[in-house]
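Reader: Please take a close look at the salt bridges in this model. I would like the side chains, the distances and how covered each partner is.

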2 protein chains.
Amino acid sequence: MAKTQITAEPGIPQIVMTCEFDAPRDLVFRAYTDPDLLQQWLGPRDLTMTVIQNDVRDGGKWRFVHTDAGGHEHGFHGIFHGTPSPDGIVRTFEYEGAPGHVSMETLTLAERGGRTLVRTVSSFQAVEDRDAMIASGMERGVHDSDERLTELLARLQAG
Amino acid sequence: MAKTQITAEPGIPQIVMTCEFDAPRDLVFRAYTDPDLLQQWLGPRDLTMTVIQNDVRDGGKWRFVHTDAGGHEHGFHGIFHGTPSPDGIVRTFEYEGAPGHVSMETLTLAERGGRTLVRTVSSFQAVEDRDAMIASGMERGVHDSDERLTELLARLQAG
């Protein structure tokens with residue numbers, strides 16, 4: 001089972017995450033950009049994820065909402081910078097519960113022997129913003145997502 | 001004459017710039033957002049600056065072009081995140097000569113006794129991107145801009 005390595009160095013306002021999946025790059029890219037697929041893996045298992053908008057093009061907006069069992073909604077949105085492709089995705093990221101705190105995600109997908117290494121660099125405006133993101137419990141969401149994406153990629157390749 | 005202090009710490013993918021202007025905050029905000037005013041001060045003196053677009057609202061795009069004496073154009077663009085106000089401006093920044101290398105600028109304007117301290121934090125995807133920005137000769141453009149903005153703010157207050 002893929003498990004993301006999360007690196008957050010002291011004093012540097014970034015989080016670097018790497019994870020290798022047993023699937024070709026084009027399929028991993030689809031899983032990261034196709035709304036129907038995204039809804040099946042992104043986020044903690046106990047939240048329902050809804051893709052409100054995902055306009056995968058230069059300047060296009062994305063907005064996702066996670067809903068908990070009590071019906072509380074947590075929205076996230078951002079804007080793609082440059083044309084997303086299997087080579088990479090650059091997008092901004094803002095949690096609607098903390099407006100004005102914007103980070104930028106740079107994803108790169110590298111294929112090696114049919115497996116794909118996903119590397120995500122999140123760049124924050126301040127180390128405090130980065131630390132708040134980690135303190136929010138993101139690690140649980142990331143590791144649930146790893147498992148769910150691993151399962152989804154296996155299903156897609158079996159099907 | 002105002003002069004921007006530029007700080008770029010080793011290993012940290014950011015540039016922090018601070019500069020104090022002898023003008024109230026609302027006027028400095030206008031100078032940073034009104035296209036007619038921006039064109040009068042932003043960039044090196046030997047380039048002509050044209051505001052192609054400056055949609056100062058959440059999700060709005062901006063695009064500026066600097067043209068040199070030989071007619072060569074250098075374009076820059078980005079997107080505002082959140083509603084710009086005298087409290088602050090958050091926007092992405094991309095030089096069109098190096099697509100895919102996107103930074104995020106957070107400007108805050110603080111007024112003290114009729115003077116305004118402008119603090120800009122530029123967050124880059126990598127230290128290499130930050131160093132490339134510095135190596136591009138940005139300091140000359142920043143200091144020309146300081147002088148030109150100081151002169152413009154004086155004219156606006158005299159007028």
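Author: What follows describes the salt bridges, after a short account of the chain that carries them.

This is a predicted model, in which local features need pLDDT of at least 70, side-chain atom pairs count only at pLDDT 80 or more, and totals for chains, interfaces and linings use all residues. Residues are numbered from 1 along each chain as its sequence is written, chains are lettered from A and ligands numbered from 1 in the order in which they are written, and side-chain values use heavy atoms, with hydrogens and water left out.

Chain A holds four helices and eight strands (DSSP runs numbered from the N terminus: H or I of at least four residues for helices, E of at least two for strands). Their order along the sequence is β-β-α-α-β-β-β-β-β-β-α-α. The radius of gyration of chain A is 15 Å, close to the 15 Å that the globule rule gives for 159 residues, so chain A is as compact as a globular protein of that length (taken over C-alpha atoms, the rule being 2.2 Å times the number of residues to the power 0.38). Of those 159 residues, 47% are buried (buried is under 20% relative accessible area, exposed over 50%, partly exposed in between, with a 1.4 Å probe and protein chains only).

As for charge, chain A carries 15 positive and 24 negative side chains, and the centres of the two sets are 3 Å apart (Lys and Arg are positive, Asp and Glu negative, with His and the chain ends not counted; the charge is placed at NZ of Lys, CZ of Arg, CG of Asp or CD of Glu).

Over all chains there are 22 salt bridges (a side-chain nitrogen of Lys or Arg within 4 Å of a carboxyl oxygen of Asp or Glu). One of them joins Arg130(A) to Asp131(A), at 2.7 Å from N to O. Arg130(A) is buried at 3% relative accessible area, while Asp131(A) is partly exposed at 38%.

In chain B, Arg112(B) and Glu20(B) form a salt bridge at 3.5 Å, N to O. This pair links distant parts of the chain, with Arg112(B) in strand S7 (residues 102–112) and Glu20(B) in strand S2 (residues 14–21), 92 residues apart. Arg112(B) is exposed at 52%, and Glu20(B) is partly exposed at 29%.

Arg130(B) also bridges to Asp131(B), with the closest N and O atoms 2.7 Å apart. Here Arg130(B) is buried at 3% and Asp131(B) partly exposed at 36%. Back in chain A, salt bridges with shared partners join Glu20(A), Asp22(A), Arg112(A) and Arg115(A) into one network.
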